[in-house]
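Colleague: Could you take me through one part of this model in detail? I would like to follow the strands and the turns that join them.

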Amino acid sequence: MDKKLIFKISILVVGLVSIFLFKGYLSKNSSSHQPDMAEITKQVASFQWCSETKGTVKWQDAEFKAKYKKWTDYALRKKFCKVDLEPLSEAEMNNANWRDLAMAMDSQATIVKLEWDKGLQVFRAAGLPFKSKKLSRELLDEAH
């Protein structure tokens, strides 16, 4: 056999082994710990689910539609778009019975739906679940 051929085959074999080793290294490092919602909400103090400066907020719940019917869009956005977050447990997230609460549209016509479970006092905006005691108190008129 020719020395050049043996050299080329050995380079191909070394390259192939290197690819498999590198792929294994990447897959091992990418399977690192993924934070759950409780960890994320501990790190993030607030969440803005809709634009505070532009757009509209429309209540989907009849009770709140009547309660806030005289409020301007600006007042609603300032009061409800930015919420404080508390840790949310996996059980609360999985056991929530979501009901539509409000819908916000920004100046680019992007629509974000806010849902909640009144009993568990948890919320979900654009598919992201969160807990906000302050928002719950404001909506349910509870004393601070």
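Modeller: Gladly; here is a walk along strand E5, its two partners and the loops beside them. Please keep in mind that this is a predicted model.

Let us start with the strand in the middle of our story. E5 covers residues 111-117, and five of its seven residues are buried, so the rest of the structure largely encloses this strand. "Buried" here stands for a relative accessible area under 20%.

On one side we have E4, made of residues 99-105, which pairs with E5 in the antiparallel sense over six bridges. If you would like a residue pair to find in the viewer, look for Arg99, which stands opposite Trp116 in E5. The hairpin of E4 and E5 has five residues between the strands, and Ala109 takes a positive phi there, near 65 degrees.

Next comes the pairing with E6, the strand of residues 122-125. E5 and E6 are also antiparallel, and four bridges link them. Here a handy pair is Leu114 and its bridge partner in E6, Ala125. Between the strands of this second hairpin there are four residues. Gln121, in the loop between E5 and E6, is worth a pause: its phi is positive, about 55 degrees, although the residue is not a glycine. Gln121 has a relative accessible area of 24%, so it counts as partly exposed; the buried class would need a value under 20%.

Following the chain past E6, you come to Ala126, which lies in the loop between E6 and strand E7 (128-131). Ala126 is another residue that is not a glycine yet has a positive phi, about 55 degrees. With a relative accessibility of 67%, Ala126 counts as exposed, because that class begins over 50%.

To put the pieces together, E5 has antiparallel pairings with E4 and with E6. Each of the two hairpins holds a residue with a positive phi: Ala109 in that of E4 and E5, and Gln121 in that of E5 and E6. As for cover, E5 is largely enclosed by the rest of the structure, Gln121 is partly exposed, and Ala126 is exposed. When you rotate the model, you could begin at Trp116 and Arg99, go on to Leu114 and Ala125, and end in the loop that holds Ala126.

How values were computed. Residues are numbered from 1 along each chain as its sequence is written. This is a predicted model: local features need pLDDT of at least 70, side-chain atom pairs count only at pLDDT 80 or more; totals for chains, interfaces and linings use all residues. Side-chain values use heavy atoms; hydrogens and water are left out. Buried means under 20% relative accessible area, exposed over 50%, partly exposed in between (1.4 Å probe, protein chains only). Two strands pair if DSSP finds at least two bridges between them.
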